[in-house]
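Please look at the structure below with the sequence beside it, and then follow the explanation one part at a time.

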Amino acid sequence: MGQVLASIQDRFHGKQWKERQIRKISDKVFDRFKDDLGERNLTFEDLYIAVLIIYNDINKHLPGPHNDPPSKEKLKYMMQKFDWNLDGLLDREEFVEFIQALTADTVTAVGRNLVIALIIAPALALAAKRATEGVPGVGKAVKKVPNSIYASIVTLAVILFQKDGEDYEAYE
């Protein structure tokens, strides 16, 4: 029972951490935009630039493949959805909720790719190495390759495969 509660608590803190990080990023980007009167409400053009800045930061700071920003059409639809006061602009709180919704899939995909690249791929590589060590002809060569090199090569191949798979999905 204690392990279940600890797991739930860890997930809760993880979600809070993610939301705090997104809030910090959103506030930082939002503060870059002001009109002549010093008010900070984003027009669609401002919002589009803000999203490009955020995706640029995501691509610079998070490992894994490049994440493309959404289309203008999707952003227009989402802006209408998150413009709660219907003034055609997004205020700070609307913008934060907008960015949290927009980046939810991106953060999940990056996390999934990290788990695959850092945990699953090396473990599978070492299991495959052990399995092939007994194969006649190939086994002797496989035994000579250090585990760290073998795991690194297989992990690199998995990362490249992930990247190619995402590029393929973008064309469908």
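**Salt bridges and helix sides**

In this predicted model, the side chains of Arg-23 and Glu-93 meet in a salt bridge, with 2.8 Å from N to O. This pair links distant parts of the chain, since Arg-23 lies in helix α1 and Glu-93 in helix α4, 70 residues apart. Arg-23 is partly exposed, with a relative accessible area of 27%, and Glu-93 is also partly exposed, at 40%.

Arg-23 forms a salt bridge with Asp-27 as well, where the closest N and O atoms are 3.1 Å apart. Both of these residues belong to helix α1 (residues 2-30), and they are four residues apart, about one turn of the helix. An α-helix has 3.6 residues a turn, so residues three or four places apart point the same way. Arg-23, Asp-27 and Glu-93 are linked with Asp-31 and Arg-92 in a network of salt bridges.

The structure holds five salt bridges, and one of them joins Glu-133 to Lys-129, with the closest N and O atoms 3.4 Å apart. Here Glu-133 counts as partly exposed at 25% relative accessibility, whereas Lys-129, at 4%, counts as buried.

Which residues of helix α3 (residues 72-82) are buried? They are Leu-75, Met-78, Met-79 and Phe-82, and because they cover an arc of only 105° around the axis, they are on the same side of α3. On the other side of α3, Glu-73, Tyr-77, Gln-80 and Lys-81 are exposed.

Finally, Val-115, Leu-118, Ile-119, Ile-120 and Leu-124 make a nonpolar surface patch of about 490 Å². Leu-124 is placed in helix α4 (residues 92-132), and with 57% relative accessibility it counts as exposed.

Methods:
Residues numbered from 1 in each chain as written. Predicted model: local features only at pLDDT ≥ 70, side-chain atom pairs only at ≥ 80, totals over all residues. Heavy atoms only, no water. Buried < 20%, exposed > 50% of the residue type's maximum accessible area, 1.4 Å probe, protein only. Helix = DSSP H or I, 4+ residues; strand = E, 2+ residues; numbered from the N terminus. Arc of directions from axis to C-beta. Patch = residues over 30% accessible without salt bridge, like charges linked within 9 Å, V, L, I, M, F, W, Y side chains within 5 Å. Areas by Shrake-Rupley, 256 points an atom, 1.4 Å probe, with all protein chains shown as cover. Salt bridge = Lys/Arg side-chain N within 4 Å of Asp/Glu carboxyl O.
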